[in-house]
Amino acid sequence: MYNKMAIFLQGGLTMARRAVKVPIYKNVFFYISAILVLALAGFGGYALSTKSIVDKWDNKIYSGVVVKGIDLSGMTKEAAEETLNKKFRENLSDKKIEFSVDNKKYTYTYGDIEGRYNIEDTVSEALQIGKQTNMFKKLSLIKNKDNKVYNLDLDFEYNEEKLENIKEQ
């Protein structure tokens, strides 16, 4: 019994010293696996970087959004409203409206009909451009490499009842 065990142990030691040939498909599998792991790590890094950039723009207006010639790119809602208010709302009530009826000229101000620009809704619309897309499309909109411009109109509102009163006078 001891002789058989010694021979078995001796045979085991001999096998450990011999070089074992690994089939070629195992080497290919290893290299393909390594390439896939590196590719996934690279894509994961890119996705995290993209998410970080997009998150910084979450409360800002994306690039290329213009309202009546004013570029709102990168502005927060508050900053955009302030910019548009300075440009369009100030002194609006003092601006004059002139019209003629039966060869008579009438002059009123926008304040007489409570005229105003609907800046809040326009800025909210500007802020929503591109926000419903995936993060890679959002990054494309933020970078705006193709220089696409989104022109938004600024709606003008007034009190119709006051305008009717002016017409009746």
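Two strands pair if DSSP finds at least two bridges between them. Helices (H or I, at least four residues) and strands (E, at least two) are themselves DSSP runs, numbered from the N terminus. Keep both ideas ready for the tour.

This is a predicted model, so local features need pLDDT of at least 70 and side-chain atom pairs count only at pLDDT 80 or more, while totals for chains, interfaces and linings use all residues. Residues are numbered from 1 along each chain as its sequence is written, and side-chain values use heavy atoms, with hydrogens and water left out.

**Stop 1: the whole chain**

Show the protein chain as a cartoon. Its secondary structure comes to 6 helices and 7 strands. Follow the chain from the N terminus: the elements run α-α-β-β-α-β-β-β-α-α-β-β-α.

Now switch on the surface. The protein chain exposes about 13,000 Å², an area from the Shrake-Rupley method with a 1.4 Å probe; for residues, only the protein chains shown count as cover. Carbon and sulfur atoms supply 56% of that exposed area.

How much of the chain is buried? Buried residues make up 25% of the 169 residues. Buried means under 20% relative accessible area, exposed means over 50%, and partly exposed lies in between (1.4 Å probe, protein chains only).

**Stop 2: the hairpin**

Select residues 96-101, strand β3. Then add residues 104-109, strand β4. The two strands run antiparallel, joined by 6 bridges. Zoom in on one pair: S100 has K105 in β4 as its bridge partner.

β3 and β4 form a hairpin with 2 residues between them. Click on D102 in the turn: its phi is positive, about 50°.

Is β3 well covered or hardly covered? Hardly: of its 6 residues, the count of buried ones is 0. Take I97, which lies in β3. I97 counts as partly exposed, at 21% relative accessibility.

Show what surrounds I97. Not counting residues up to four places away in sequence, I97 touches Y106, T107, Y108, T109, Y110 and I113. Contact here means heavy atoms within 4.5 Å. Next, draw a distance from I97 to G111. They are 14 residues apart in sequence and 9.9 Å apart in space, C-alpha to C-alpha.

**Stop 3: the core**

In soluble globular proteins, nonpolar side chains tend to be buried together. Look for that here. A nonpolar core is a set of buried Ala, Val, Leu, Ile, Met, Phe, Trp, Tyr and Cys residues joined through side-chain atoms within 4.5 Å.

The largest nonpolar core has 25 residues. Select I61, V65, L72 and L84, which touch the most other members. Elements that give two or more residues to this core are β1 (65-67), α3 (77-89), α4 (119-128), α5 (135-143) and β6 (150-152). Which element gives the most? It is α4, with 4 residues.

Stay on L84 and show its contacts. Leaving aside neighbours within four places in sequence, L84 is in contact with V67, I70, L72, R89, I119 and V123.

**Stop 4: a nonpolar patch outside**

Select V28, I32 and L36. Together they form a nonpolar patch on the surface, with about 270 Å² of accessible area. Patches are made of residues with over 30% relative accessible area and no salt bridge; like charges are joined within 9 Å, nonpolar side chains (Val, Leu, Ile, Met, Phe, Trp, Tyr) within 5 Å. I32 is found in helix α2, residues 24-56. Its relative accessible area is 47%, so I32 is partly exposed.

**Stop 5: the salt bridges**

Side chains of opposite charge can pair when their charged atoms come close. A salt bridge is a side-chain nitrogen of Lys or Arg within 4 Å of a carboxyl oxygen of Asp or Glu. How many salt bridges does the whole structure have? The search finds 4.

- Select D55 and K51. Their side chains meet in a salt bridge at 3.1 Å, N to O. Both lie in helix α2, 4 residues apart, about one turn of the helix.
- Select K86 and E82. Their salt bridge is 3.4 Å, N to O. They are 4 residues apart in helix α3, so about one helical turn separates them. K86 counts as exposed, at 52% relative accessibility, and E82 counts as partly exposed, at 46%.
- Select R116 and E120. Their closest N and O atoms are 3.7 Å apart, in a salt bridge. Add E157: salt bridges that share partners join R116, E120 and E157 into one network.
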